[in-house]
Every structure is written in C-alpha cells, then in structure tokens.
Amino acid sequence: MLNSTTITGFILLGFSDIPSLQHLFFSVFLVTYIVTLAGDLLIVVLTLADPALHTPMYFFLRNLSLLEMCYTSVNVPKMLGNLFSGDKAISFIGCAMQTYFSFFLGGSECFLLASMAYDRYVAICKPLHYPVVMNRKVSTGLAAGSWLSGLLMSFGHTSMVFTLPFCRSHEINHFFCDIPPLLKLACGDTSHNEMAVFIMAFFFVIFPFMLILMSYGRRKSFSTCSSHLVVVTLFYGSACIMYLKPNSSHSPDTDKFLSLFYTVITPMLNPIIYILRNKEVKGAFWRIVWRRRFH
C-alpha cells in the first residue's frame with residue numbers, strides 16, 4: 001500500500017532556479033512537444049494506410065511512435081503547466097502515477113529499440129531467412145514482450161519507492177517524479193532501492209544498448225543508420241549516466257539536463273529522422289497526398 005500518511009503531495013521545483021528563462025523554456029518545450037506528437041502521429045497513419053509499409057520494420061516503428069506519444073505526454077504537459085502557471089504542486093498519487101508510467105514506457109522503449117535493431121540485422125545480414133525469422137508471430141511477440149517488460153519493471157520499482165517514508169522534504173528538485181530525486185527525500189534506508197535501480201539500468205539500458213551497437217556493425221545499407229545511432233546513443237547514454245551513478249553523487253542541475261535528452265529531445269528527433277531520412281516513409285506520404293489530390 002502506498003504510504004500517504006507522512007506526506008500528501010510534492011512540489012516539483014523544475015527550473016525555478018532560473019526564473020528569467022521560464023517563458024523561453026515554456027516556448028521551446030511546447031514546440032518540441034507539438035513536433036513530437038505530430039511526427040509520431042504521422043508515422044502511425046502512414047504505416048497503417050500504406051500497404052508497402054506493412055512490414056515488421058514499420059510495425060516496430062509504429063509501436064515506437066505510439067509509445068513515444070504516450071511517453072512524452074506523461075511528463076511534458078505537467079512541466080508545461082508548471083512553467084506557465086507557476087503551480088508546481090503534484091499529489092502523492094499523481095507523483096506515483098507519473099513515476100510508474102515514466103518507467104513503464106521508458107523501459108519498454110529500451111527493449112523495443114533493441115527489437116528494431118535485431119529486425120534490421122536479420123533483414124540485412126540474413127535476407128533469405130528474413131521472412132521466416134521475422135514472421136508476424138515473432139515480431140508481435142518481441143513488441144508485446146517489450147511492453148510487458150517495462151510494465152512489470154515499473155510496477156516493482158514504483159512500489160518499492162512509494163512505500164518508503166518521505167519525511168525530509170516535499171520539494172523534488174526535478175521537473176518530474178524521477179526515482180533518484182525521490183530517494184533523496186526518503187528518511188529510511190534506501191540502499192536496496194539504489195541497488196535495484198542499478199540492476200534495472202543494467203538490464204534495461206546497458207544490455208539493449210550493447211545489442212544495438214553489435215547490430216549496427218552490419219547495417220551499412222540502412223539509410224537512417226548513422227543519424228539514428230546518434231539519437232539512440234543520446235537516449236541510452238543519458239539514461240546510463242542518470243541511473244548507474246550512486247544516488248549521493250547526483251547533481252540536481254545535471255540530472256535535469258540529462259533527463260531532457262531521454263524525455264524531450266530524443267522523442268522529438270526519432271520521428272524527424274524516420275520521416276526526413278527514410279525514403280519509404282517519404283514515398284508513402286507523397287502517395288497518400290497524390291491519391292487525396294486526384295480522387
């Protein structure tokens with residue numbers, strides 16, 4: 001059961017230490033959020049509407065776009081509301097839900113990106129076996145497993161954190177309810193929680209990232225390879241630094257900066273790369289435009 005007897009809510013300090021930039025932050029984050037939602041929605045529509053994109057690769061891409069639409073919507077609207085209104089309060093239950101869905105969707109994305117890399121590896125390195133290896137059952141299983149792994153991991157971590165007694169302060173020096181800043185507010189022993197976060201980061205961040213790096217060595221013909229590798233490195237690299245270092249060494253300003261990469265920046269860059277750098281997606285877009293124009 002969640003411990004709501006000691007504290008009933010929190011204050012998300014966010015970027016309140018630099019008040020002169022609040023309006024700039026609001027404008028920038030609003031634009032990135034709109035671009036992210038529009039780009040991901042376009043990918044979902046294109047991959048559903050164009051039969052040429054009914055392949056495992058674009059099935060995974062559609063899952064990634066749906067996931068990132070949800071992922072950015074967990075934290076960014078609340079952050080925008082805090083910047084716009086100045087009301088930084090969040091309820092205890094609201095904070096727990098934000099933590100749960102952040103880790104659920106973030107963890108799912110880690111394994112979904114690895115599944116996408118495996119799909120491309122098989123397509124390029126073993127093209128004759130690709131239809132058999134990556135059949136509908138396998139691709140659906142990999143996508144479902146990615147979603148399920150994030151769901152189970154997040155439930156365990158959220159339960160462990162929000163059953164701790166929070167009695168030091170109710171101010172979270174972050175723009176969302178992340179686990180490291182929450183552990184700083186707990187007055188009980190958090191060593192087991194810190195170890196659990198470390199283990200989680202190894203299996204959900206380092207392990208999938210290593211699989212992706214191994215697969216990229218044989219993906220020279222993949223049109224989005226170099227640019228997408230940069231985005232993937234930003235996503236996994238910032239998450240590694242954030243969740244693998246000891247809780248005592250966390251700097252609030254550094255943590256907020258790193259968190260922006262995997263909560264705001266990479267979700268915006270992914271649809272841009274897949275739309276602008278992928279010939280098949282661009283071709284599907286123009287085919288739909290021409291069909292609507294002449295019918």
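# Briefing: disulfides, sheet, cavities and helices

Cys125 has a relative accessibility of 21% and therefore counts as partly exposed; that class lies between buried, under 20% relative accessible area, and exposed, over 50%, taken with a 1.4 Å probe on protein chains only. The model is predicted: local features need pLDDT of at least 70 and side-chain atom pairs count only at pLDDT 80 or more, while totals for chains, interfaces and linings use all residues. Residues are numbered from 1 along each chain as its sequence is written, and side-chain values use heavy atoms, with hydrogens and water left out. Helices (H or I, at least four residues) and strands (E, at least two) are DSSP runs numbered from the N terminus.

**Cysteines**

- The structure has two disulfides, a disulfide being a pair of cysteine sulfur atoms within 2.5 Å.
- With bonded cysteines counted along the chain, the disulfide pattern is 1-3, 2-4.
- One disulfide joins Cys95 to Cys177, with 2.0 Å between the sulfur atoms. The Cys95 and Cys177 link is left-handed, with -125° about the S-S bond. Cys95 lies in helix H3 (residues 92-125) and Cys177 in the loop between strand S3 (171-172) and helix H6 (179-183), so this pair ties together parts 82 residues apart in sequence. Both Cys95 and Cys177 are buried.
- Another disulfide joins Cys167 and Cys187, and their sulfur atoms are 2.0 Å apart. Cys167 lies in the loop between helix H5 (136-162) and S3, and Cys187 in the loop between H6 and helix H7 (191-216), so the pair ties together parts that are 20 residues apart in sequence. The torsion about the S-S bond of Cys167 and Cys187 is about 140°, so this disulfide is right-handed.
- Cys167, at 45% relative accessible area, is partly exposed, and Cys187 is partly exposed at 34%.
- The sulfur of Cys70 is too far from other cysteine sulfurs for a bond, because the closest, in Cys110, is 16 Å away. Cys70 is partly exposed, with a relative accessible area of 39%.

**Sheet**

- Three strands form an open sheet in the order S2-S1-S3, with mixed pairing; two strands pair if DSSP finds at least two bridges between them. The edge strands, each pairing on one side only, are strand S2 (89-91) and S3.
- Strand S1 (residues 9-12) pairs with S2 in the antiparallel sense over three bridges. In this pairing Gly9 stands opposite Ser91, and Phe10 stands opposite Ile90.
- S1 also pairs with S3, in the parallel sense and over two bridges. Leu12 has Ile172 in S3 as its bridge partner.

**Cavities**

- There are two cavities of 30 Å³ or more. On a 1 Å grid over the protein atoms alone, a cavity is a set of points where a 1.4 Å probe fits but cannot get out, and lining residues have an atom within 4 Å of a point. Grid points are joined across faces, edges and corners, and a volume is the space filled by probe spheres set on the points.
- The largest cavity holds about 160 Å³ of space. Its lining has 16 residues, of which Tyr71, Phe103, Gly106, Gly107 and Tyr243 lie nearest the centre.
- H3, H7 and helix H8 (225-244) each give two or more residues to the lining of the largest cavity. H3 supplies the largest share, five residues.

**Helices**

- Helix H1 (residues 22-49) has 28 residues and should span 40 Å at 1.5 Å a residue, which agrees with the 40 Å between its end C-alpha atoms; the expected span is 1.5 Å times one less than the number of residues. The buried residues of H1 include Phe25, Phe29, Tyr33, Asp40 and Ile43.
- Helix H2 (residues 56-85) has 30 residues, and its end C-alpha atoms are 43 Å apart, in agreement with a span of 44 Å at 1.5 Å a residue. H2 is mostly covered, with 21 of its 30 residues buried.
- H2 has a kink of about 35° at Ser73, shortly before the proline Pro77; the bend at a residue is the angle between axes fitted to the seven residues ending there and the seven starting there. Gly86, just after H2, takes a positive phi of about 85°.
- Helix H9 (residues 252-276) has 25 residues and reaches 35 Å from its first C-alpha to its last, close to the expected 36 Å. H9 bends by about 40° at Ile265, with the proline Pro267 following within four residues.

Conventions: On a 1 Å grid over the protein atoms alone, a cavity is a set of points where a 1.4 Å probe fits but cannot get out, and a pocket is an open set with protein on both sides within 12 Å along at least five of seven lines; lining residues have an atom within 4 Å of a point.
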